[in-house]
Amino acid sequence: MSTPIPFDQRPQGKTLCLFDVDGTLSLARKSATPEMLALLKELRKKCVIGFLGGSDFKKIEEQLAPNGEDVTKEFDFCFAENGLTAYRLGVELPSQSFIGYLGEERYKKLVKFVLHYMADLEIPIKRGTFMEFRRGMVNISPIGRNASAQERDEFEAYDKIHKVRAALVEQLQKEFADYGLTFSIGGQISFDAFPNGWDKTFALTHLTTESFETIHFFGDKTYKGGNDYEIYTDERTEGHSVENPNDTMRILRELFQLS
């Protein structure tokens, strides 16, 4: 898109809207609809916008820039991996790393425990990539991230009944109580492990030099234990719990008088 309007020249330039990705701007691991992307462009003319997802940057870019656009030019703030990868107006911001925090030896113990647990876990199907290492976290999936879209839907329904992810989280909390890690369930098939305080509120550390008077956060996993809970309940934000992307659009139209 063309050069963005400076924040102070937007009608509500001291207002920031931050959006979770899966379940909020798009269906899980799906591309945002043209209607959603058009509404965000309209919103950006009024206030400042940003996304805040737990996935790595490449996955989010595929969802929010499905036609190959530079997603850092479509949003004022881009926060992937809870803000461990961050951009402001297309410029990358300094960051930290999960392995730097945890250390190689402790990380190997975590991997060994998880993979042994997965080997013994009885669930209807398993695929591949049960652990995915990222800059700011490790993502853990009982079914495996290689599952198809249909298999993801089926596992999500199965997990709602059998609490597979919640059971593994409980085991990890006991086994690695001294690691200083948070285990946060999100999306359909997995959960994240990251240092305490590196939940989505970590992204707010990039905003301390800004002059926002209001920060709206929109997310679907806003319940306790969900990966939107901490920032949804943070005193620095006004939280909005959404059911799906259509609900997000409905709330935005009401809040900002969008067409």
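Four strands of this predicted model make up an open sheet, with the order β6-β7-β9-β8 and antiparallel pairing. At its edges lie β6 (131-133) and β8, each of which pairs on one side only. From one strand to the next, the twist averages 20°. Helix α7 packs on this sheet, and a second set of strands, centred here on β1, is taken up at the end.

**The β8-β9 pair and the helix on the sheet**
- Strands β8 and β9 run antiparallel and are joined by six bridges.
- Within this pair, Ser 184 has Asp 192 of β9 standing opposite.
- Helix α7 touches β7, β8 and β9 as it packs on the sheet, and its direction makes about 180° with that of β8.

**Helix α7 in detail**
- The 12 residues of α7 (164-175) reach 17 Å from the first C-alpha to the last, close to the 16 Å expected at 1.5 Å a residue.
- Its buried residues are Val 164, Arg 165, Leu 168, Val 169 and Leu 172.
- These buried residues are on the same side of α7 because they cover an arc of only 130° around the axis.
- Their cover includes the helices α5 (104-120) and α6 (149-162), along with the strands β7 (138-140), β8 (181-186) and β9 (190-195).

**Gly 186, a residue of β8**
- Gly 186 is found in strand β8.
- Is Gly 186 buried or exposed? Its relative accessibility is 10%, and buried means under 20%, so Gly 186 counts as buried.
- Leaving aside neighbours within four places in sequence, Gly 186 is in contact with Arg 165, Phe 191, Lys 221 and Asn 227.
- One of these contacts, Arg 165, is also among the buried residues of α7.
- Lys 108 lies 78 residues from Gly 186 in sequence, and their C-alpha atoms are 23 Å apart in space.

**Strand β1 and its partners**
- Strand β1 (residues 12-19) is largely enclosed by the rest of the structure, because six of its eight residues are buried.
- Five bridges link β1 with β2 (residues 47-52), and these two strands run parallel.
- Five bridges also link β1 with β10 (residues 214-219), again in a parallel arrangement.
- Phe 19 stands opposite Phe 51 in β2 and opposite Phe 218 in β10.
- A right-handed β-α-β unit is made by β1, helix α1 (residues 34-44) and β2.

Methods
Residues are numbered from 1 along each chain as its sequence is written. This is a predicted model: local features need pLDDT of at least 70, side-chain atom pairs count only at pLDDT 80 or more; totals for chains, interfaces and linings use all residues. Side-chain values use heavy atoms; hydrogens and water are left out. The expected span of a helix is 1.5 Å times one less than its number of residues. Buried means under 20% relative accessible area, exposed over 50%, partly exposed in between (1.4 Å probe, protein chains only). The arc is that of the directions from the helix axis to the C-beta atoms. Contact means heavy atoms within 4.5 Å. Two strands pair if DSSP finds at least two bridges between them. Axes are lines fitted to C-alpha atoms, for helices over the stretch in contact, and angles run from 0 to 180 degrees between N-to-C directions. A crossover is right-handed if, with the strands pointing away from the viewer, the path from the first strand over the helix to the second runs clockwise.
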